[in-house]
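Here are my notes for your first look at this protein. Keep the structure open as you read.

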Amino acid sequence: MASKPEYAPGALVQLMAASAEQNGSIVTAEGDVVVFYGDMALQASQALYDANRSILYLEGNVTGSKEGAYGFVADRIKLDLKKEADYFDHYFLTSYQNPLWARGEKAKRHKERLRLSKALISSCDVTCPDWHIEFGSADYNSTTKWLDIWNPRFYVGDMPIFYLPYIGTSLDHRRRTGLLRPTIGLSNRDGFTYEQSLYIAMDPQWDLELTPQYRARRGTGLYGTFRFVDTPYSRGYIKTGYFRSKQRYVDEYRLKNRSHYGWQLHYDSAGVVTKPGDTNRDGLYVDVTYLNDPDYLNLQAVTSEELADSSQVQSRINYFYNTPENYVGLYGRYFIDTSLGTEARKNTYQNAPILQLHHYQTSLFGLGFLQYAADYRYNHFFTENGRHINFQEINLPVNLYGSFFDDYLKFALSENLYYSYSSYHNMGDVLDKAGVQSRYYSLFRNYHTIDIYTDLAKGYEDFMHTMQLRVTYDKPSFSSEKGDTVDAISVLRSPRENLLASSINYFYDQNGEEFLYYRIAQPVLYESEATIQGKYRRYGDLEQEIRYTFMKNYTLYTDLFWSYYLHDVSAATSYFKARFDDYDIMVNHFFKQRENIQSGEKERTSNFFLLHATYRANEHRDYYASVAYNALEDRVNRWGAGTRFFYGCWNLDVGVRDEILPILTSADEADNIHNMTFYFTINLVPFGAFTQAFQQGL
């Protein structure tokens, strides 16, 4: 008989059994009863079907499934075919769309709605679930996949943890309009804080998030984010917000501004006039920010990494069009320095537009060993008070490639023609003050580049060694300069006379795995002592980079710079890493020092240690800890510890961290906060993750 994919009045019922008897409109059946109705299949020990009332009763080890939705086991089931309703007694339901299951006394399905009474749900092992929720009643809509639970009690094992009057959650990943989880915090600066977003998703291509926030000691504000997707390969968002601080808070922390506001525009497209996969490609990137002070960003921060770390905010707009032969780029940059006053900001040089035209390296006269390229750049610098600088430059290199001794020694010779021209407009006061007479500057320079290198490889009994030796030498020759330069703009790309010698080495074991990497590089500047005096050093720092892996589990790395003038290490980045099945340990060290120009003494500017360790107790649990120590200030900048649990039906990450954070605000001076945070993230499958952090300081 024909069947329909969903319940409908008048749908056909197929009933099969070992024995059946009909008495008028009543059909009774016993022994291996099988019933097919719509998209449901059921089995039971006994069945009774009332054709006049269109009601079907099934009893005795009733099992069944609704196609693509759920399976069930029950003591007794009643199907009202006219009302499209099902009634379950002492049931067990399991979803086919997620690992969730339910067990209870009574359940009713009416069309797309399923109502459970006096039951529990979980996604863990049925016999002994790690967690479960007991409740008075619950409603589930199979169309919207939304679950409402009343009077839920959350249990871990057999222990009750907390009670709520109501929980509403989605069991799928589709976006939907509603309130998001709140963020609650406690700060010694701002007092009790509360944020909760209203999420509006009425179209697949856009959504809107409105986030009011309340800070008991500080004030109130509202932030909004509009996200959109306009093509399959482009997307963006617009964010804006306003926060007003209480006057006593402004006075206490000496803020410049009582109101903090701004807006942000971000857009990224992998194809404006082309499509991904085309031979020609183009792209657009927009990242624009306007704000009146850094607190506009700080008040949105959820973690310490999101706090403003600079008073200067840069906005960028970049577009490029690329073909196999040519590249065109159009860019723009705009700077806002929140530490400056209104008049000082008007003197900030902005850079827009920037135009780049580039022709990729191409063979000359059809000769593969002779290549040329071309590059043109135009920069327009301006200030809000009307000053303008137009800067243009052309670079034309011609390269000759060759080799000696059967390709053991390779070389590249390059002749480079470089020309730049700058013109200054409405800058008379600046130029006169600097003693500059001309209103332009031009430079024509020809310089040579010699690049000699070799790639060698040799196998030994227990390992293989590869080595690249390279020497690169730049030598300016003819040069012609006219006019005067402006110190505020320094973008010349013509090199001084210099040499860079380097060696890169790799060592591999018998399994082809690297166990040693070593690189050494030495720059040298060849110019007269009169030119060098007071500007830079002739011999640059000798750089040595080493990465050594031993006993398979240990790695030692350092990138070290040796200064001939300090007679000491000028900078170093190092780490030691040990990785085993049960634990990981990593120690980092950052070091930097320089010569104090006034005293001539060595001055350390950075000396920082970071330790991170993870211990895996078993496949379900690990512990982690980290500490950061600033040796210059002899203090621990931050530390943290926590544990993670991994199970099939739930995950938990809980920990604590303490850190001293430098922050920028609208106050006259930079500020520091001592931020203690207790946090946890619990993920109950399939409900999703819930994260909460309790902070003191932010």
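1. Start with a term. A residue is called buried if its relative accessible area is under 20%. By that cut-off, 38% of the 698 residues in the protein chain are buried. Keep in mind that this is a predicted model.

2. Next, the overall dimensions. The C-alpha trace spans about 115 × 75 × 55 Å along its principal axes. The radius of gyration is 36 Å, whereas a compact globule of 698 residues would have one near 26 Å.

3. Now the secondary structure. The protein chain has 43 strands and five helices. Take the contacts with a separation of 6 or more: 44% of them join residues 24 or more positions apart.

4. Then the surface and the charges. About 39000 Å² of the protein chain is exposed, and 56% of that comes from carbon and sulfur atoms. Negative side chains number 85 and positive ones 70. The centres of these two sets are 5 Å apart.

5. Zoom in on one hairpin. Strand 19 (residues 206–215) pairs with strand 20 (residues 219–231) through 10 bridges, in the antiparallel sense. Three residues lie between the two strands of this hairpin. Find E209: T225 in strand 20 stands opposite.

6. Follow strand 20 onward. Which strand does a hairpin of two residues join to strand 20? That partner is strand 21, which covers residues 234–245. Strands 20 and 21 run antiparallel and share 11 bridges. One pair to locate is T220 with its bridge partner R244 in strand 21.

7. A general point for reading strands. Side chains in a regular strand alternate between the two faces of the sheet.

Technical notes
Residues are numbered from 1 along each chain as its sequence is written. This is a predicted model: local features need pLDDT of at least 70, side-chain atom pairs count only at pLDDT 80 or more; totals for chains, interfaces and linings use all residues. Side-chain values use heavy atoms; hydrogens and water are left out. Helices (H or I, at least four residues) and strands (E, at least two) are DSSP runs, numbered from the N terminus. The radius of gyration is taken over C-alpha atoms; the globule rule is 2.2 Å times the number of residues to the power 0.38. Buried means under 20% relative accessible area, exposed over 50%, partly exposed in between (1.4 Å probe, protein chains only). Contact means heavy atoms within 4.5 Å. Accessible areas come from the Shrake-Rupley method with a 1.4 Å probe; for residues, only the protein chains shown count as cover. Lys and Arg count as positive and Asp and Glu as negative; His and the chain ends are not counted. The place of a charge is taken as NZ of Lys, CZ of Arg, CG of Asp or CD of Glu. Two strands pair if DSSP finds at least two bridges between them.
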